[in-house]
Amino acid sequence: MENNNQENKTKSENNSSFKTVSNPGNYKAVYEMDAKPKKKSNFGKNVVLPFISGVVGCAVVIGTCFGVPSIREQIIGNTHSNTSNSSNTQTTGYIDQVSLSNYSDTSVYAANKILPSIVGIQIEYNVTSMFSIFGGNQTSTATATGSGIIISDDGYILTNNHVVSSSEAEAYYQVSEATKITVTLFNDDTKYDAKIIGTDEETDLAVIKIDATGLTKAEFADSDSIKVGEFAMAVGSPLGLQSTITCGVISAVNREVTDTDGKTYTLIQTDAAINAGNSGGALVNSDGKVIGVNTLKLTGEDVEGMGFAIPINSTTDITSQLIQYSKVRRPYIGVTGMDLDSETAKKNNLVEGIYVKDVETFSAAEKGGIKIGDVIIKADGKDVKTMDELNEIKNAHNIGDQMTITVNREGEEKDLTITLGEQP
């Protein structure tokens, strides 16, 4: 068995907000005092009369100006004639108003395009409580919800592995595999029983099938060509609410995210709201075409708007294999390794690389001559220092391909040729 050692890293970013006062003209605010006080006061002559004259004069001028259309239009603008013909911007006096009609039309189009291809999934499973206070084990039925994407008109549906594979065990309870899977179509009260075709824990993908025809198959886009900032819509059944959409943008691409089980995925990041039950649903572009499979989100007191989707391009080969073989066939070396950093290697009089802790019987590694205690330093001529790097090179091969492994054995380097087997 190959051990994919992964390091969980948590980064905390502290953002400070500063209030900035801008004075581009470098002006000074100065309070002026009259240094020459009056000796004599004549309030009526010096204050009242000028004030009344000013008011009357101002009224005459303003009335005249507003009575002349050309002057009035120069002052306040003609709101009727200056209204922009563009659908995006309307000019009304002093304020430019941006129209949201285009954004709304985009959302409506994308929703109408994708919704018929999204299903709600309900899973039933058994939970057995150990050492019940009532004596013996107690078993109850529990349910969970998720989403799926129709990928063929005859009933094949793509979803997440964690949606349909619920089997797990803890000290005080055990969760069974799904005992029943029910699929509900968009705008259809008819419920369909579904069966699992294949699951893959490594990529968190699964394919299920219902007995139906004439379904609306989702269209896929090229997820390799998406850009940060472009429109994104998440579609699914969050919290069991069928056919819900949320909108946002692509926040990042090729984002490496490590889940709570220590698995690292390369995902699309979006700020479109993704909640429990969205898993397995679609992330689509402005054309309503699928660019990703919603799979997880970050949670926490300081977290908001950080959801992630599996790029759809990376699912196509997995989906085909799940339908054909009910599993994903992967090449296999057959070693258990431990990453050696420079400090650990130096302490143990070894070289930096991957220390071979175990070699599986009858595996490609054993047949190729790899031994316990070897330190793998290269694969196909490329330096490797971690199991992740070794697996990345291995996964670029097919079952049956030959691969060159360079090991350091008791201070000497040896090139070994192995023929990759199939991962059990």
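E360 is partly exposed in the predicted model, with a relative accessible area of 30%. This value places E360 in the intermediate class because it falls between the 20% limit for buried residues and the 50% limit for exposed ones. The residue belongs to the loop that connects β19 (353-359) with α7 (364-368). Across a sequence separation of 27 residues, the C-alpha atoms of E360 and I333 are 8.8 Å apart.

A contrasting environment is found at N294. This residue is part of strand β15, which covers residues 290-297. Its relative accessible area is 0%, and N294 is therefore classed as buried, the criterion being a value under 20%. The side chain of N294 approaches the backbone oxygen of A282 at 3.1 Å. A282 also appears among the residues touched by N294 when those up to four places away in sequence are not counted. The set further comprises N278, S279, G280, G281 and L283, together with I274. The remaining members are N160, A234, V235, F308 and A309.

At the level of the whole chain, the secondary structure consists of 8 helices and 24 strands. Buried residues account for 35% of the 424 residues. Of the contacts in the chain between residues at least 6 apart in sequence, 58% link residues separated by at least 24 positions. The exposed area of the chain is about 26200 Å², of which 49% is supplied by carbon and sulfur atoms.

Note on methods: Residues are numbered from 1 along each chain as its sequence is written. This is a predicted model: local features need pLDDT of at least 70, side-chain atom pairs count only at pLDDT 80 or more; totals for chains, interfaces and linings use all residues. Side-chain values use heavy atoms; hydrogens and water are left out. Helices (H or I, at least four residues) and strands (E, at least two) are DSSP runs, numbered from the N terminus. Buried means under 20% relative accessible area, exposed over 50%, partly exposed in between (1.4 Å probe, protein chains only). A polar contact is a pair of N or O atoms within 3.5 Å; within protein, one must be able to donate a hydrogen and the other to accept it, and residues adjacent in sequence count only if both atoms are side-chain atoms. Contact means heavy atoms within 4.5 Å. Accessible areas come from the Shrake-Rupley method with a 1.4 Å probe; for residues, only the protein chains shown count as cover.
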